[in-house]
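Work through the exercises below with the structure open beside you, and try each task before you read its solution.

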Amino acid sequence: MFPYKNKYFIIDTGRAGYKGSKAQANSIIIKYLKDRGIKNIEALIITHFDNDHSGGAVDIMNNLNIKQVYINSFSDKTITSVNIYKTIKELQIPAKLPTNNTEIYQENNFHLKTYFANSEEDNEKSIITILSYNDFDMLFTGDAGVKAFNKLKKDIPHNVEILKVGHHGGPHVVNSEMLNHLGTKISIISTGPNAFGHPNRGTLDILRKTDIYRTDLNNSIKISSDGKTYTIYTFDRYKKKYKKSKELVSE
């Protein structure tokens, strides 16, 4: 989730509840927003329909005012996607498929653009989003990896300061050529206890030339930017507040 001048955008929603428990969206995202009086969301981008990325979408749509939804397919057959389609229709929320290299929001020097690889592999057809604000850029890849990037890289700019690493840092989500193209300084891996070995050791080795932040080690990670500099904050669970980790200059 990221704000711009009191306008808010959400990429992915966490997983659905398990055996009657609340979805992560309820216990984390919706609570965080409601505690801050935030009800209006300019766009919800659902990168793909894996449960850990889209399982909380229905809860978010039912609890917040979503102005626009972006999804990567209108024909997915999973339980999660069918429930999302149903909720979009019931709430009459505008929904669009992404088109590659297309700006979906622009205001002054703030831009959001989507990239989309037409792949048969579920992860590789995740919606990829770039946030640009003056000289600062951050790339969100969903579960997409090197295959999708290689199809799209002619359209993806250089000097992308922060990479939200695909597929929780799993294998084949990044290589040296990709990092050289992006010029990434900071890598963020969203992961927790899992049976899949995420983040992958080989992926961490490739990312060693960047500063790596991980949600399993650094908890919540917050980034602020004025378009020239950007600051990384991590959440101290004991003091229950964010602390500054690093401040850098955008290129």
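The exercises that follow concern a sheet and several salt bridges in a predicted model.

**Exercise 1.** Determine in which order the strands β15, β16 and β17 are arranged in their sheet, and which of them stand at the edges.

*Solution.* Begin with the sheet as a whole: 3 strands form an open sheet in the order β15-β16-β17, and their pairing is antiparallel. Next, look at the edges, where β15 (221-225) and β17 (241-249) each have a single partner strand, so one side of each is left without a neighbour in the sheet. Neighbouring strands are turned by 25° against each other on average, direction ignored. Finally, examine one pairing in detail: β16 (residues 229-236) is joined to β17 by 8 bridges, and Phe 235 has Tyr 242 in β17 as its bridge partner.

**Exercise 2.** Find which parts of the chain are tied together by the salt bridge between Lys 7 and Glu 107.

*Solution.* First, note that the two side chains meet at 3.2 Å, N to O. Then locate the residues: Lys 7 lies in strand β2 (residues 7-11) and Glu 107 in strand β8 (residues 102-107), so the pair ties together parts that are 100 residues apart in sequence.

**Exercise 3.** Decide whether Arg 214 and Asp 216 are buried or partly exposed.

*Solution.* Start from their salt bridge, in which the closest N and O atoms are 2.7 Å apart. The step that follows needs a cut-off, since buried means under 20% relative accessible area. Arg 214, at 17% relative accessibility, therefore counts as buried, whereas Asp 216, at 28%, counts as partly exposed.

Note on methods
Residues are numbered from 1 along each chain as its sequence is written. This is a predicted model: local features need pLDDT of at least 70, side-chain atom pairs count only at pLDDT 80 or more; totals for chains, interfaces and linings use all residues. Side-chain values use heavy atoms; hydrogens and water are left out. Two strands pair if DSSP finds at least two bridges between them. Helices (H or I, at least four residues) and strands (E, at least two) are DSSP runs, numbered from the N terminus. Axes are lines fitted to C-alpha atoms, for helices over the stretch in contact, and angles run from 0 to 180 degrees between N-to-C directions. A salt bridge is a side-chain nitrogen of Lys or Arg within 4 Å of a carboxyl oxygen of Asp or Glu. Buried means under 20% relative accessible area, exposed over 50%, partly exposed in between (1.4 Å probe, protein chains only).
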